[in-house]
Every structure is written in structure tokens, then in C-alpha cells.
Amino acid sequence: MKVRSMLGFSKRSRNKQSKNPLEIFDQYEQGVPAHQNAIDALPGWNCAFPPDLNVNAGTLPLYADDRIDWALRTFGSIEGKTVLEVGPLEGMHTYMLNCHGASRIDAIEANRLCFLRCLVTKQILNIANAAFMLGDIHAWLSEREQIYDLAIASGVLYHMADPGEFLRLLAKRSNAVFIWTHFFLEEAMPEGDVRRLPFSGKIETKMVDGTPVRYYERSYHHANANASFCGGMKDRHFWMHRDDILTLLRQFGFDDVIIRDENLDHPGGPSFSLLARKTPVEG
């Protein structure tokens, strides 16, 4: 019954089977075939679709996200290039990448409902050059040898149970990365700041490739019970210190790091966007 309710089927399916032989089963759509039916079949939408499609989903206009637009303008043309997208959410950033001519986009999503919503978005927006895959990004990065021209990790680093290890693996498989993330910074979130409430107060130091990295423990406090939840795979997750993020990226070979939109007053916690690139090896 849990699976049925998560997929938006009627509550009638929980009751005894109807004795009316003419009644259509709940798992069938009776309306005129339309994109809206596919959207309505899945609960928890966060993102809106382009207005010209005249469909209703979520409210976030990520199909025209200026962070991704900046990343692509700063990186340069991705036409004919390979892109890895970590945590595509509902596929709107994937849509932008596809519109800019990427030859292949591997979009890895661990949240089952988000993954299914991505498939609906792929169909509606005709995202031809993307392959959406359901599973853990750590396993994907560990088990494959491909090097991507660009990796996109928007809104994922601060959800990780081991963010430093994620950066290490991502660096092995990409020549450039775009990251939008929250981070910890004591002077930006002093004691008493309400944005500290989800944090336990525990700070761990983890060695990542020989570099000490500060991990600030945090919890979702049962937000994962909502169908629109799009956080990490484990309740116990960690934010990294701002300086440690930059230190690791440079250690992993990203010698050109450009920071944009640093916002210490973001209601969710301090945040920034960055594009980090490795200098190409000649010869």
C-alpha cells in the first residue's frame, strides 16, 4: 500500500476490491492522454515547466536557472562534450544542458521519486541526449573509467554523508566541475543563528587524501517523510567548511577556481557557486 500511495494512486485501492464489474481500476488514467496526466501520476513536484507548455507541476523555474547559465557561459561551449550531472532532481538543469548541445549527459539520481519525475520531464521536454540512471553516485564514480568534460553538482555536496570523498571521486572523473552548495562558516552562522538548529554541534575531522577536513554534523529532522523531499540518502549528513572545499578542489588539480554568488545570508545557510577547471595536460 505504501508504494501505491507514493505513486499517487487513489486511496480507494486500500479498500476492498469493488464488486462493480464496470468500474475502472484505480491504476488506470481515464482522461484524454496529456502530459499533465503523467505529472499528476507522481507526487512531490518541486520544479515548474516552461510556461509555454501550459502544464502545472512545482514552482521552481529551474529550466532557466541563472546559476547553470553562468556556469555554461564561463566554461564555454559544451556542444559535442560529455557532461555528468549529479542529482538532477527533476531534470530541468538536464534540459538546459541538452539545449546547449552536450553530446551525452549522464544524470545520476538516487531518489526514486525524483528519478521517476526525471523520466516524465525527459518525455515532456524531449531531452534526447540524456541518460537518467537510478543509483548511488559514489558507486558510479568508483566503477567507471570515463572522464567527463564537465560535471554539474548543484545542490548535492551539503547532502552528502562523506562530502570530501565525493569531491575526491568527482575530481578523478571530470576535467571541470560546477558546484552550487551550502557550506559552514562560523562567522556567518554564529551561536544563536536559527540556521544552526539542524546541526548537532558535533564537528569531526576527516582525512581526505591526506588533508584534514572539517565535517559539521546535521540532520533532516524527518523532512524525508514528505514526497517532495530531495535531500541526501542518510539522515546523518555533513556540511564542509568553506575553506576546506576550496582546499580540496585545488589539491585535486582544479587550479582555476571562479566563485560567484557567495551569499552568507542565504536562509538555508551560507552558499556559493563555483566553477573549477584543471589546466589541460599538453602532449
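## A loop residue at the surface

Ala128 sits in the loop between α5 and β3. This is a predicted model, and in it Ala128 has a relative accessibility of 57%. That value is over 50%, so Ala128 counts as exposed.

Which residues does Ala128 touch, once those up to four places away in sequence are set aside? They are Asn98 and Lys122. Asn98 is 30 residues from Ala128 in sequence. In space, their C-alpha atoms are 7.4 Å apart.

## Confidence

The average pLDDT of the protein is 90. A score of at least 70 is reached by 87% of the residues.

Residues 1-6 have a pLDDT below 50. Beyond near neighbours in sequence, that stretch has seven contacts in the model. Residues 8-15 also stay under 50. For them the model has 13 contacts beyond four places in sequence.

## Two nonpolar cores

The largest nonpolar core has 43 residues. Which of them touch the most other members? They are Phe49, Ile78, Val83, Leu150 and Phe178. Several elements give two or more residues to this core. The helices are α3 (66-75), α4 (92-99) and α5 (112-125). The strands are β2 (104-109), β3 (130-134), β4 (150-154) and β5 (176-182). Helix α5 gives the most, with seven residues.

Leu150 shows how this core is joined up. Leaving aside neighbours within four places in sequence, Leu150 is in contact with Leu72, Phe75, Ile78, Thr82, Val83 and Leu84, among others. Its contacts also include Ala176, Val177, Phe178 and Leu275. Apart from the largest core lies another, of 37 residues. Among its members are Leu185, Val213, Phe238 and Leu246.

## A three-stranded sheet

Strands β6, β7 and β8 form an open sheet, in the order β6-β7-β8. The pairing is antiparallel. Why is one side of β6 and of β8 left without a neighbour in the sheet? Strands β6 (199-208) and β8 (237-240) stand at the edges, and each has a single partner strand, so one side of each has no neighbour there. On average, neighbouring strands of this sheet are turned by 40 degrees against each other, direction ignored.

Strand β7 covers residues 211-218. Seven bridges join β6 and β7 in the antiparallel sense. One bridge partner in β7 is Tyr216, which is matched with Ile203.

## Helices on the sheet

Helix α7 (residues 163-172) packs on the sheet and touches β6, β7 and β8. The direction of α7 makes about 70 degrees with that of β8. Helix α8 packs on the sheet too, touching β6, β7 and β8. The direction of α8 makes about 140 degrees with that of β7.

Helix α8 runs over residues 242-251. Its buried residues are Arg242, Asp244, Ile245, Leu246, Leu248 and Leu249. Leu246 is also among the members of the core of 37 residues. Just after α8, Gly253 takes a positive phi of about 105 degrees.

## Aromatic pairs

How many aromatic pairs does a search of the whole structure find? It finds nine. Tyr158 and Trp180 form an edge-to-face pair, 6.0 Å centre to centre, with 80 degrees between the planes. Tyr158 is in the loop between β4 and α7, while Trp180 is in strand β5. The pair links distant parts of the chain, 22 residues apart. Both Tyr158 and Trp180 are buried.

Phe184 and Tyr216 have ring centres 4.0 Å apart and planes at 10 degrees, so this pair is stacked. Phe184 lies in the loop between β5 and β6, and Tyr216 in strand β7, so the pair ties together parts 32 residues apart in sequence. Phe184 is buried, at 3% relative accessibility. Tyr216 is buried as well, with a relative accessible area of 3%. Tyr158, Trp180, Phe184 and Tyr216 belong to one aromatic cluster, which also includes Phe199 and Trp239.

## A buried loop residue

Ser219 is in the loop between β7 and β8. Is Ser219 buried or exposed? Its relative accessibility is 19%, under the 20% limit, so Ser219 counts as buried. Leaving aside neighbours within four places in sequence, Ser219 is in contact with Pro198, Asp235 and His237.

Notes: Residues numbered from 1 in each chain as written. Predicted model: local features only at pLDDT ≥ 70, side-chain atom pairs only at ≥ 80, totals over all residues. Heavy atoms only, no water. pLDDT = per-residue confidence, 0-100. Contact = heavy atoms within 4.5 Å. Buried < 20%, exposed > 50% of the residue type's maximum accessible area, 1.4 Å probe, protein only. Helix = DSSP H or I, 4+ residues; strand = E, 2+ residues; numbered from the N terminus. Core = buried A, V, L, I, M, F, W, Y, C linked by side-chain atoms within 4.5 Å. Pairing = 2+ DSSP bridges. Axes fitted to C-alpha atoms, helices over the stretch in contact; angles between N-to-C directions. Phe/Tyr/Trp six-rings, centres within 6.5 Å; stacked < 30°, edge-to-face > 60°.
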